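Let's practise reading a protein structure together, one small exercise at a time. Try each task yourself before you look at the solution.

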Amino acid sequence: MTTLKTTPFYQAHQEAGGKLVDFAGWHLPVNYGSQIQEHEAVRTDAGMFDVSHMLITDVSGDQAKAFFRKLLANDVNKLGFVGKALYSAMLNDNGGVMDDLIVYRTNEAETQYRIVSNGATREKDSAQFAKIGAEFGISLNPRYDLAMLAVQGPNAITKLLQVKPEWAETVNNLAVFQGADLGNDWFVARTGYTGEDGVEVMLPATEATAFFKALQAVGVQPCGLGARDTLRMEAGMNLYGNDMDDDTSPLQAGMGWTVDLKDETRDFVGKAPLVALKEKGVDVKQVGLLLAKGGVLRDHMEVITDQGKGITTSGVFSPSLKQSIAIARVPKAFNGDTAKVLMRGKEVDVRVLKLPFVRNGKKQFD
């Protein structure tokens, strides 16, 4: 039996009453009592999530920029200043999604960057960074000494600054998808996974417990994996392993906007099959589904449309909408606003919506 890995917040989770479960080999809290309460805290006030299982890797070298232009489907050339962040898929040789990740530019010379990648894909990601990196002579520094905490919600920044008032100018000046180095291995970024405002804070592992408790003391609600899933679902955000994976093209998973083909001279891993699929035409698209009442939509349910069948990739009961929602892949030709989902052998009517369902606490449909 393998021992579960723990994050630097492990003690804080225990003391806060977190119900710890196995998540991709990590001991992480699914909730601290009430998942609904945690969800509501993020939609109306402020909540925090331990995301230290995600891997922070610092990349340096004269050819670091060239390395990223080869590694990623999106183009780091867009990172016009220090602190700017880029969301991208990292593709395999067949054009499937190995992972989705965020890259920050961390110096003027474009020789230093920071990657934040998913916890469940840590080993294969690191292997891919090393494999492609060998060609460019870059140095990879996985930051196992750091922790990461997402502080999310309409009051997240106000409450964070009660704990760290000296950060006020830096944090208040951060636009969305920007990060800033605060010194002494503290880094703050305005990127989120909940559809709300907020930040991710990267910090020394040794200071994790104290920081968590300080945020708790000013009323930031500790939140577990359960609320993280319902929040990201309402925000229409993909989860690796559900809504995309090694066998799914970003063009099939609603991630076409993260693929940059403008520079025709740029070659990146998975480009040829991606371009071939684009030219042939993608036969599926991503949509949202809303169940009026009764039952809960889950992943891998069959969707029936007038243009053929589709499948749900994620499904959950939405605490904000008090209805069940799903992300689904359906035939590209389908343009209807209703479909059916096969639930326990019965065809059930669902509404078909454009994602997201909820943004900044407000539902995005009538």
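**Exercise 1. A polar contact in a loop**

With the side chain of which residue does the side chain of Asp260 make a polar contact? Keep in mind as you look that this is a predicted model.

*Solution.*
Step 1. Find Asp260 in the loop between H8 and H9.
Step 2. Check how much of the residue can be reached from outside. Asp260 has a relative accessibility of 6%, and buried means under 20%, so Asp260 counts as buried.
Step 3. List the residues around Asp260. Setting aside neighbours within four places in sequence, Asp260 is in contact with Ala73, Asn74, Asp75, Lys78, Arg266 and Phe268.
Step 4. Pick out the partner: the side chain of Lys78 makes the polar contact with the side chain of Asp260, at 3.1 Å.

**Exercise 2. An aspartate in a strand**

Describe the surroundings of Asp181, and say whether Asp181 is buried or exposed.

*Solution.*
Step 1. Locate Asp181 in strand S10, which covers residues 179-183.
Step 2. Read the accessibility: the relative accessible area of Asp181 is 61%. Exposed means over 50%, so Asp181 is exposed.
Step 3. Look for contacts beyond the neighbours within four places in sequence. Here Asp181 touches Trp186 and Phe187.
Step 4. Turn to the backbone. A polar atom of the Asp181 side chain lies 2.8 Å from the backbone nitrogen of Gly183.
Step 5. Try a longer distance. Thr206 is 25 residues from Asp181 along the chain, and their C-alpha atoms are separated by 18 Å.

**Exercise 3. Salt bridges**

How many salt bridges does the structure hold, and which parts does the pair Asp263 and Arg69 tie together?

*Solution.*
Step 1. Start with the total: there are 22 salt bridges in the structure.
Step 2. Zoom in on Asp263 and Arg69, which form a salt bridge with the closest N and O atoms 2.9 Å apart.
Step 3. Place both residues. Asp263 is in the loop between helix H8 (225-234) and helix H9 (271-280), while Arg69 is in helix H3 (residues 64-71), so this pair ties together parts that are 194 residues apart in sequence.
Step 4. Add the accessibility: Asp263 is partly exposed, at 26%.
Step 5. Set another pair beside this one. Arg105 and Glu108 meet through their side chains in a salt bridge of 3.8 Å, N to O. Arg105 counts as buried at 6% relative accessibility, whereas Glu108 is exposed at 64%.
Step 6. Finish with a network. Asp145 and Arg143 form a salt bridge of 2.9 Å, N to O. Arg143 counts as buried at 12%, and Asp145 is partly exposed at 39%. Both belong to a network of salt bridges that also links Asp58, Arg114 and Asp185.

**Exercise 4. The nonpolar cores**

Which residues touch the most other members of the largest nonpolar core, and which strand gives the most to this core?

*Solution.*
Step 1. Identify the core, which has 34 residues; Phe49, Leu91, Tyr104, Val116, Met148, Met202 and Met244 touch the most other members.
Step 2. Ask where the members come from. Strand S5 (85-91), strand S6 (97-105), strand S9 (146-152), strand S11 (186-189), H8 and H9 each supply at least two residues. S5 gives the most, with four.
Step 3. Take Val116 as an example. Beyond the neighbours within four places in sequence, its contacts include Met54, Leu55, Ile56, Leu101, Tyr104, Met148 and Met202.
Step 4. Look for another core. One of 26 residues lies apart from the largest, with Ala12, Met48, Ala156 and Val201 among its members.

**Exercise 5. The whole chain**

What do the chain's overall numbers say about how compact the chain is?

*Solution.*
Step 1. Count the elements: the chain has nine helices and 21 strands.
Step 2. Compare radii. The radius of gyration is 21 Å, close to the 21 Å that the globule rule gives for 366 residues, so the chain is as compact as a globular protein of that length.
Step 3. Note the dimensions: the C-alpha trace spans about 55 × 50 × 45 Å along its principal axes.
Step 4. Check burial: 54% of the 366 residues are buried.
Step 5. Consider contacts with a separation of 6 or more: 66% of them are between residues 24 or more positions apart.

Technical notes: Residues are numbered from 1 along each chain as its sequence is written. This is a predicted model: local features need pLDDT of at least 70, side-chain atom pairs count only at pLDDT 80 or more; totals for chains, interfaces and linings use all residues. Side-chain values use heavy atoms; hydrogens and water are left out. A salt bridge is a side-chain nitrogen of Lys or Arg within 4 Å of a carboxyl oxygen of Asp or Glu. Buried means under 20% relative accessible area, exposed over 50%, partly exposed in between (1.4 Å probe, protein chains only). Contact means heavy atoms within 4.5 Å. A polar contact is a pair of N or O atoms within 3.5 Å; within protein, one must be able to donate a hydrogen and the other to accept it, and residues adjacent in sequence count only if both atoms are side-chain atoms. A nonpolar core is a set of buried Ala, Val, Leu, Ile, Met, Phe, Trp, Tyr and Cys residues joined through side-chain atoms within 4.5 Å. The radius of gyration is taken over C-alpha atoms; the globule rule is 2.2 Å times the number of residues to the power 0.38.
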